[in-house]
Amino acid sequence: MRYGEALLAHTFQNVTCNAIHPVEARCCRWILAMHDRAEGNTLPLTHEFLSEMLGVQRSSVSVVTRTLQMAGLIQQSRGGITVIDRSGLEETACECYSRIRRIYQRLLPGTYPPAPSR
């Protein structure tokens, strides 16, 4: 039952996030969520995948990732994104990222990976 509650809360938070937050903050949330689950700092994320997950055009993702790269938060490569400044990404992401983390940590302790200290 706790898993169902966590999944439902996660879904509601995503719906709310997609409705009210700018694409840059949502993109940072996605990158951080993927980084939490990855073995290293380089993530197999394409602009096409991010555009589908964020519900925006691929060109919008290109603009956002270019902005994040210029800010020194990420490094783009073909088919991948490398996290350079995780704390900067966390500052740029909306509060939904930390809310979702707290939901899982509260309802399903030990199942959500701890934030990487890379």
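Contacts between helices and the state of the cysteines

Ser-62 is buried, with a relative accessible area of 13%. The model described here is a predicted one. In this model Ser-62 belongs to helix H4, which spans residues 58-70. Its assignment as buried follows because the value of 13% falls under the limit of 20% relative accessible area. The side chain of Ser-62 forms a polar contact with the side chain of His-47, at a distance of 2.9 Å.

The residues of this polar contact, Ser-62 and His-47, also take part in the contact between two helices, H3 and H4. The axes of H3 and H4 come within 8 Å of each other and cross at roughly 110 degrees. H3 is therefore roughly perpendicular to H4. On the H3 side, the contact is made by His-47, Glu-48, Leu-50, Ser-51 and Leu-54. On the H4 side, the residues involved are Arg-58, Val-61, Ser-62 and Thr-65.

His-47 was also examined relative to Arg-78. The C-alpha atoms of these residues lie 9.3 Å apart in space, while 31 residues separate Arg-78 from His-47 in sequence. Arg-78 is located in the loop that runs between strand S2 (74-77) and strand S3 (80-83). With a relative accessible area of 88%, Arg-78 is exposed.

Aromatic rings were considered next. The structure contains 1 aromatic pair. This pair is formed by Trp-30 and Phe-49 and is edge-to-face, with 5.8 Å from centre to centre and 90 degrees between the planes. Distant parts of the chain are linked by the pair: Trp-30 lies in helix H2 (residues 23-37) and Phe-49 in helix H3 (residues 47-54), 19 residues apart. Phe-49 counts as partly exposed, because its relative accessibility is 30%.

Helix H2 also holds Glu-24. Glu-24 has a relative accessible area of 30% and is partly exposed. When residues up to four places away in sequence are not counted, Glu-24 touches Val-64, Thr-67, Leu-68 and Thr-92. Between the C-alpha atoms of Glu-24 and Thr-65 the separation is 8.2 Å, although these residues are 41 residues apart along the chain. Thr-65 is one of the residues of H4 that make the contact with H3.

A further set of contacts involves helix H1 (residues 2-20), in which Arg-2 is placed. Arg-2 is exposed, with a relative accessible area of 53%. This assignment follows because 53% is over the limit of 50% for exposed residues. Neighbours within four places in sequence left aside, Arg-2 is in contact with Leu-107 and Leu-108. The side chain of Arg-2 reaches the backbone oxygen of Leu-107 at 3.5 Å. Arg-2 and Pro-109 are 107 residues apart in sequence, and their C-alpha atoms are 10 Å apart in space.

The cysteines were examined last. A search of the whole structure gives 0 disulfides. For Cys-17, the closest cysteine sulfur is that of Cys-94, at 3.4 Å, which is too far for a bond. The distance rules out a disulfide because the sulfur atoms of such a pair must lie within 2.5 Å. Cys-17 counts as buried, with a relative accessibility of 0%. For Cys-28, the closest cysteine sulfur belongs to Cys-27 and is 6.0 Å away, so this pair is also too far apart for a bond. Cys-28 has a relative accessibility of 0% and likewise counts as buried.

Notes:
Residues numbered from 1 in each chain as written. Predicted model: local features only at pLDDT ≥ 70, side-chain atom pairs only at ≥ 80, totals over all residues. Heavy atoms only, no water. Buried < 20%, exposed > 50% of the residue type's maximum accessible area, 1.4 Å probe, protein only. Phe/Tyr/Trp six-rings, centres within 6.5 Å; stacked < 30°, edge-to-face > 60°. Helix = DSSP H or I, 4+ residues; strand = E, 2+ residues; numbered from the N terminus. Polar contact = N/O pair within 3.5 Å; in protein donor to acceptor, adjacent residues only side chain to side chain. Axes fitted to C-alpha atoms, helices over the stretch in contact; angles between N-to-C directions. Parallel < 35°, antiparallel > 145°, perpendicular 65-115°, else oblique. Contact = heavy atoms within 4.5 Å.
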